[in-house]
Amino acid sequence: MTPLPSFVRSVENRSAWWLRLARLDWQATAVFILPFFLYWLTLAPTIYNLDSAEFTTAVASNGLIRATGYPLYLLVGKVWSWLPLSSDMGYRMNLFSAFLSAVTLLQGEYILRRLKVEPWLRLGALGLLATAPYFWAMSLIAEVYTLHTALMAGIILSLLRWTDEPTPLRLALPIFLMTISLGNHMATVLLVPGAVWFVLTSQPDQLKKWRVWAAAGTAVLLGLTVFLVLPLRYASQPLFNYAGEYDAAGVFHPVNLMRFSGVWWLITGQSFAGQMFGYQLSELWPQVAAYGAQLWTAFLAIGIGPGLLGLVVLTRRNWRLGGLLLLIFLANAIFYINYRVVDKDTMYLPTYLIWAIWLGVGYQQLALWLQNLVQPQLPPWLLRGVAIGAVLLAVALNWSLVDRSADWSTREIAETILAEVEPNALVLGWWDTVPAVQYLQLVEGQRPDVQTINRFLIPGAAMEELILSQLDERPIYINNPSMALLQQATAVPVGPVYKLERRLVPLP
Amino acid sequence: MKQFTLRTIVRALFALVILLAGVAMVPYVDRPAAALEWRMMAGVYAPELAVHASEGALGSQFAFTGSGFPAHKPATVFVNGRYLGRVMTDGQGMAQFIVQSPTSPLALGHYDITMEVDMNASATQGFTLREDAPLVWAPAGFMGRLFVFGERLPQ
């Protein structure tokens, strides 16, 4: 056979490209690319603080995180960290969150398609989710929340696919996703009541088949394998380990993750049990109101009415699916409203995702109501304009609230501490001080002579004994000296920490 | 035709009300003004001390709630670093107490209240006594030990 001349082949190649482009799902591409671009523009440029520094350091140094262990994040984060996206590991892990947010939104697009929401209104509903202040903010730093929402959207989507064709294998997928999701965030248990409701009401007969149980059991077992990350990492004796406690000699005693009891202690988050349902009844109303205000802000006011309408319409149209979404929403909202921690505002993202689905359905219902008016084309276009306009307004209003693209503060603080402290110093601090310093030490190799201890990992009595026993032997720095400590030592500011020096005469 | 028009108008109005329902709440909800950044959450997992009002007139009562402390432990309460008294934390590591401020004009100014169980479980929260601030009282039903100090801080 005679080969075609090169110019003919190039025309053929070009037309094949055009064909591929023409076949591309542009709506889905836009729902993924536009928010990802927005997040990339506003992304934190390097290591971020608090949990973010802990997660990044643990991923990069093959370390272990505090309860609830987050083995799935450690695993998939490690794979992501191998991608040659930047020389700065902190930036790479921040970008991971942005990617996972975009994946969440993409799955939201497919959920709304199934609910027969038209493209512009889907974009409007998901756009408000993408630009909600806390959703946006959590997409810019290394955190577990966007992996959680991506898995949650995947669970909902795979449950919907299962009802199209209820085979055992199709049911195994959401069960597998839910089980591995427990390895990212234990709040996945808050999805269980809704999922059980959906399965029981949609196809109760399926549960009589042994194949369904066999597939479900296999999915659970496969999903649980993610927890093997914990004993495997423990066995390698990682330098960065937040699952354990320091003693009065400054020696770290890790929780034994080769034993089931140790893994169970870690993954069930028993150290945070005191904060769960931590409000008295009289304190609860302000928390409910604060959540309402946060939801209102997230969906820029315009999304509240249509969201409620979507809840009603969807529940009337498909009470099984309506029950699934409502139970997930309520379980998450009630749990976190009652969770007494400073950063709980960042934890409501699952409820935002559900609200965005309701919002899409609500927008669609409004479009249907407006369709038959005298000017049949005008009102739906007006509604589309409002939906897209709200997203643009949200971008404009929230940009300055969430933009972290110039935030080098965490690196600067940590570098200042390492530059200021004397050789062989002991640095004690909370989450806003220590994890970022440890990142510089373990990931970038700076100042290995300095010992850093997160005060979260040392009991008060042990810390007192440690400080008082070593005060004359090595330089000791602390981020926030207590009253009891100030009776024994003076505190001289050194950068963002204080250097402790023994008082000649302790205060009474 | 008239009936169709009426139905159309009602439907359009209903849609408009739903669309703008959230907007009607604008006067009642404050949008966040500060950037959402890590300093907002810097106290995460550390003990926390909350006060129900940040300022009040002379003679005001300030209701404090400590949380995230070790459970069932005695905690010392300080005002500007001076001993004020002790409270016990409950099973959830929480404790409540009320600070009764002095009435003398000499006492105007800022006060830092510290609740401390041990060297590593300490939290501070303040209030300011101002002439032009309203008199505030502990919320109804708020239970907790009452601490009183005069215009001269306890030694």
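A residue is called buried when its relative accessible area is under 20%, exposed when that area is over 50%, and partly exposed in between. The structure to which these words are applied here is a predicted model.

Helix α10 of chain A, which spans residues 192–202, is a suitable place to begin. Its buried residues are Gly194(A), Ala195(A), Phe198(A), Val199(A), Thr201(A) and Ser202(A). These buried positions of α10(A) pack against three other helices of chain A, namely α8 (145–164), α9 (168–182) and α16 (319–337).

Another helix of chain A offers a single residue for inspection. Gln365(A) belongs to helix α17, residues 349–371. Its relative accessibility is 16%, and Gln365(A) therefore counts as buried, since the limit for that class is under 20%. When residues up to four places away in sequence are set aside, Gln365(A) touches Leu309(A) and Val313(A). Ala98(A), by contrast, stands 267 residues from Gln365(A) along the chain, and the C-alpha atoms of the two are separated by 31 Å.

The packing of one pair of helices can be followed in detail. Two packed helices are described by the angle between their axes and the distance between the axes. For helix α5 (residues 89–114) and helix α6 (residues 119–130) of chain A, the axes come within 10 Å and cross at roughly 150°. This crossing of α5(A) and α6(A) is right-handed. On the side of α5(A), the contact is formed by Leu105(A), Gly108(A), Glu109(A), Leu112(A) and Arg113(A); on the side of α6(A), by Arg122(A), Ala125(A), Leu126(A), Leu129(A) and Ala130(A). Sorted by class, the residues in this contact of α5(A) with α6(A) comprise 6 nonpolar, 1 polar and 3 charged.

The loops of chain A contain several backbone features that deserve attention. A cis peptide bond, with omega about 15°, joins Ala67(A) and Thr68(A). Thr68(A) is placed in the loop between α3 and α4 (71–81) of chain A. Two further residues show positive phi values. Ala301(A) is not a glycine, yet its phi is positive, at about 65°. This alanine, Ala301(A), sits in the loop between α14 and α15 (304–317) of chain A. With a relative accessibility of 4%, Ala301(A) counts as buried. Asn424(A), likewise a residue other than glycine, has a positive phi near 60°. The loop that holds Asn424(A) runs between α19 (409–420) and β3 (426–429) of chain A. Is Asn424(A) buried or partly exposed? Asn424(A) counts as partly exposed because its relative accessibility is 47%.

Chain B supplies a residue in a strand. Arg86(B) is found in strand β5 of chain B, residues 82–88. Since its relative accessibility is 42%, Arg86(B) counts as partly exposed. Leaving out residues up to four places away in sequence, Arg86(B) touches Pro74(B), Ala75(B), Thr76(B), Arg145(B) and Phe147(B). Of these contacts, Arg145(B) is 59 residues from Arg86(B) along the chain, with 8.9 Å between their C-alpha atoms.

The empty spaces of the structure complete the account. How many cavities of 30 Å³ or more does a search of the whole structure find? The search finds 2. The largest cavity has a volume of about 210 Å³. It is lined by 19 residues, and those nearest its centre are Tyr48(A), Met138(A), Ile141(A), Thr346(A) and Met41(B). The elements that give two or more residues to this lining are α3 (51–60) and α7 (133–138) of chain A. The largest share comes from α7(A), with 3 residues. By class, the lining of the largest cavity divides into 11 nonpolar, 3 polar and 5 charged residues.

Among the pockets, the second largest has a volume of about 690 Å³. Its lining holds 27 residues, and the closest to the centre are Tyr279(A), Glu283(A), Gln287(A), Arg340(A) and Ala50(B). Two or more residues of the lining come from each of α14 (281–298) of chain A and β1 (48–51) and β3 (61–67) of chain B. Of the elements, α14(A) gives the most to this lining, with 7 residues. The lining of the second largest pocket consists of 14 nonpolar, 8 polar and 5 charged residues.

Note on methods:
Residues are numbered from 1 along each chain as its sequence is written. Chains are lettered from A and ligands numbered from 1 in the order in which they are written. This is a predicted model: local features need pLDDT of at least 70, side-chain atom pairs count only at pLDDT 80 or more; totals for chains, interfaces and linings use all residues. Side-chain values use heavy atoms; hydrogens and water are left out. Helices (H or I, at least four residues) and strands (E, at least two) are DSSP runs, numbered from the N terminus. Buried means under 20% relative accessible area, exposed over 50%, partly exposed in between (1.4 Å probe, protein chains only). Contact means heavy atoms within 4.5 Å. On a 1 Å grid over the protein atoms alone, a cavity is a set of points where a 1.4 Å probe fits but cannot get out, and a pocket is an open set with protein on both sides within 12 Å along at least five of seven lines; lining residues have an atom within 4 Å of a point. Grid points are joined across faces, edges and corners, and a volume is the space filled by probe spheres set on the points. Ala, Val, Leu, Ile, Met, Phe, Trp, Tyr, Cys and Pro count as nonpolar, Asp, Glu, Lys and Arg as charged, and the others, Gly among them, as polar. Axes are lines fitted to C-alpha atoms, for helices over the stretch in contact, and angles run from 0 to 180 degrees between N-to-C directions. A crossing is left-handed if the near helix is turned anticlockwise from the far one by less than a right angle, and right-handed if clockwise.
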